[in-house]
Amino acid sequence: MGRRLVVVLFLDLVGWTRLAERVDPEPLQVLLERYYEICCARVEEHGGVVEKFIGDAIMAVFGTSVSQEDDALRALRTAFQIRADVGALRTPGGAPVEVHCGIAAGEALVTHSARAGIRVVGDVVNLAARLQSAATAGEVVVNDVVAHLARRHIIMQPLAPLQLKGKAEPVPAYLATDQAAMPDRTGDGPRLVNRDAERAHLRGAFDRVARERRSHAVAVLGPPGIGKTRLVRSIMDDLVAAGGTALTAVGTCPSYGANGSYLALVEVMDALIRQSASGRELAWADSHIAAVLSGLRDASRSRQGAATPGPGVEEISRATRELLAVAGATGPLVVVWDALEWAGPSLLRLVGELIDGLPDLPLLTVCVGRPEMTERDTAWVRALVGRDVVNVGALTTDDSAVLAASLATAVDDPNDVRAHDVDLVDQVTLYCAGNPLFIQLMLESVVPGQPVADTPPTITAMVGAMLDRMPEPARHLVGVASVVGPTFTLDDLALLAGPVPSADVDSLVERQIIRPTGEDGGFRFVQQPVHEVAYGRLEKEQRYAWHRRLAEQNIGPAFHFEAAARLLTDLRPDDAELPALSHQAAKALLREGTAALRQRDVPAAIELLRRAVTMVPDGQDKCRSVAAIRLSDALMLAGDSEGAVAAVADAVRRATDERGRLPCLIQQELLAVRLGRTDGVGVESLAVRLGADAADRLSWCRLEQLRMLLHLRSGFFGAAESAAAVALTHARAIGDAYEEDRLLAALCEVQQWSPTPVADKLAGCVELVKRFADDRFVQVPVLAAQARCLALLGDVSGAHDALAAARVAAEQLRLTMGRVVIDQASGVVHALAGAHAEAAGHYRAAADALERAGHAPAALTLRAQAVRELARLRPTGEVVADLAALWERRAEMDVRGQIACMSAAVRLADVGGTPLAAEEVLLMLDNTDDPCLRAEVQFDLAQRHRRMGDHAAAEAMANAAVDSYASVGATQPLQAVRSWM
Ligand SMILES: Nc1ncnc2c1ncn2[C@@H]1O[C@H](COP(=O)(O)OP(=O)(O)OP(=O)(O)O)[C@@H](O)[C@H]1O
Ligand SMILES: [Mg+2]
């Protein structure tokens, strides 16, 4: 029977022990028998089962084999009636007898065996018993779930949270009064949203009936809560508001109760008599009709079951026909039979007779029900659905959002966050997939300030009841599908449950439980709550087995291995298979998390990698380290540097051996360097610890990345490039595509400034552009680097083409940093072509963007480059002032920035800039191995020397510049220096 939401009722006589001491057991036994009788009768009447008697206490459960959406209400009504009935009993001494009662709703495991009958196991049972002990004489005390489920019907008074035996936390409790709360959920609902087409259909049917004076019937079908009743009532309201001669009557079939079979009919007859004078006259004048009416009313009121038989079906049928005929003589009629899925066979037969038997009456019959209504063995229902049906489906997303927003803002309390919470409206809209009742229930259960988390018990109750009313094969299928996930294929289902009969699938589609996704054999749950509740009702052993089978077939391995491991942890934490299963889950999560990281889906990567870290079992240090390192990469991308540091520190703490610890220590150092918290002194000692462990390629790979970073920091790009190249070899050796991609991108960036020949760099760029053809995010910096190489080789138009392609990608993908890189490269390309003003403009644009993004030091370097370009034009006072401001901040810049500042100062020295000795600049050049940067400054110095009249020094410097450019084959600037000479 599985896990389900049940309602447990405990009830006990007050003062029984004291009474037993004073009174003879024989009269006491008589009293007890009567009390048992009352309890059993009331519980059964309301659809519950008595699980056991313990002395004078009884335990009853609602929702064990079939859930009803109103199980909580049923339990409450049972308690009230037992209290009233028992109140009429007397003790042998003549004193009144009183009961106290506790009711709790919650999840429980329900089992059934021939020997033990129904067994309910779960905390909810203990809770109900404790609530009962807390109730004083005559009180019915309930838990918060019952209070929530029944609050629309019964007024609940909150009690101070109860400190209950065996419960660590105080338990919220409510006193159920017997005052009725707002009874009808359709009454004061929110403004009707949309449904224009459905309304037009029904309105058209009514107009035809009125015009042609012929009877017609329409079926209105749809899943629970979709708005069938609301739709039909809106039409009736319109007719009443229009003030015509139409008479309207609604009969709603109650969901349970032995006396309910004709209740809807009584409602319809009463409505007709109320509105039609001739109907009233007939009911008074015709004694048979009067007898039918009073007989049906008595039967529906009586609790005890009638002693004499009620009116015969023929009399009932005739009386109804006569009444309809006289009422219809004055104007058109609309008769609505609502909730026909609950109708008993006699009412169903009668409705069919009325539809077929009064063809010339201007009567519109509207038969409203859930899809299961069509499964009743009733020919007329099937014929009707074939003839004229309004299928009420989900609201569109926009309409759902309108409804959710109007419900959220209808909250009285202006401080209530629901009223202002746009995210909440979105979440609820998404979750409830167009079901207005779910939207309403969801919003009611949201606690202000807290995210939408669990399915509210009201929805669990509704959906559980709906599932229980489905035929077994279809219900089974829903359970199987729920394990696969919100979407599934028939193949997935077949894997778990064998071939799936298409009739079962069709029936689920008809009930609007699932719908095809468009992909071959693919389906999805229409409503998330249905998926969740169906899943929650499966036993954990079953879920575990199915998740595992799916994972082993490589269907969503990360999700299914993880789910299986969690379930096994709950079921058998000592199971010998658990560590291996958790390891598989961790590995699969790591794979998916890394894939997300490669796609730069940072939030997804963070989530998956966190889960991977949690899943790793003891003894699998390596797996945990890799997951923690990737997690820290993802957190850095998200700007959460503290989170990144913490993730690695945690892995270091949990590592049990050097193999697991070292990669994390390396990553820790790497992060510290990137965050400017250390200058990387620890790197060589880490290398020593790593020793000759050639197999630990990943650690080596990261260690080389650390070295690369340190060389970059100090301006030695050749060394940085070598380190990156070694790291790349390690990444390739272990087939780690994630590290490989990262390193290729890094290598391309480092090479821009390294002493590698320009032609080789260009070849590398061309290869990478191809490799990343489908990932333009990575391609943009490569194109920028390519443009720079082409410009250095004198191919200006090729450089501009590469920049244009990069710009298109950056615009289309909205890459802020991509634009910075492009501006930076454009600066270089323009500078090489002698367009210094344009070059300065690009550098400034890049600097502005970097500053906005919070990268102040990098922005300063670009500003220095902009000033240097301007200094190469005719220098102005403004440029001199700009440089002076930058000069003050030299210490904040990296090596390239400092050198750019100096080279600008050299240029501006003649016009009153900062006085600077050439020697000082040359000394600074020792801090970098970037040949182009060195050559630029050397050329600047050469020009200065010539301006100062020192031709020998000028020539020496120019020769040095030529050598520098020649060493990397930068033909274009080389040419420029040569022609100056
Ligand atoms: N189009 C709508 N606009 C606004 N509220 C709606 C709309 N449709 C339904 N509702 C609200 O949603 C709730 C459920 O609607 P209703 O009771 O009509 O569902 P139902 O299909 O009759 O369900 P059931 O099968 O349980 O009888 C009601 O509170 C109703 O007011
Ligand atoms: Mg309804």
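**Buried cysteines and the setting of helix 32**

With a relative accessibility of 0%, Cys-39 counts as buried. In this predicted model, Cys-39 takes part in no disulfide, and the nearest cysteine sulfur, belonging to Cys-40, lies 6.8 Å away. The structure as a whole contains zero disulfides. Cys-748 is likewise in no disulfide; its nearest cysteine sulfur is that of Cys-765, at 4.3 Å. Because a disulfide requires two cysteine sulfur atoms within 2.5 Å, the 4.3 Å separation of Cys-748 and Cys-765 does not qualify. Cys-748 has a relative accessible area of 7% and is therefore buried.

Cys-748 is one of the buried residues of helix 32, which comprises residues 737-751. At 1.5 Å a residue, the 15 residues of this helix should span 21 Å, and the computed distance between its end C-alpha atoms, 21 Å, agrees. At the start of helix 32, a side-chain oxygen of Asp-736 comes to within 3.2 Å of the backbone nitrogen of Tyr-738.

Of the 15 residues of helix 32, 11 are buried, so the helix is largely enclosed by the rest of the structure. The buried set includes the acidic residues Glu-739, Glu-740 and Asp-741, together with Tyr-738 and Gln-751. Leu-743, Leu-744, Ala-746, Leu-747 and Val-750 are also buried. The buried residues of helix 32 pack against helix 24 (578-598), helix 26 (621-637) and helix 30 (697-714). They also pack against helix 31 (717-733), helix 33 (758-771) and helix 34 (776-792).

Definitions and conventions:
Residues are numbered from 1 along each chain as its sequence is written. Chains are lettered from A and ligands numbered from 1 in the order in which they are written. This is a predicted model: local features need pLDDT of at least 70, side-chain atom pairs count only at pLDDT 80 or more; totals for chains, interfaces and linings use all residues. Side-chain values use heavy atoms; hydrogens and water are left out. Helices (H or I, at least four residues) and strands (E, at least two) are DSSP runs, numbered from the N terminus. The expected span of a helix is 1.5 Å times one less than its number of residues. Buried means under 20% relative accessible area, exposed over 50%, partly exposed in between (1.4 Å probe, protein chains only). Contact means heavy atoms within 4.5 Å. A polar contact is a pair of N or O atoms within 3.5 Å; within protein, one must be able to donate a hydrogen and the other to accept it, and residues adjacent in sequence count only if both atoms are side-chain atoms.
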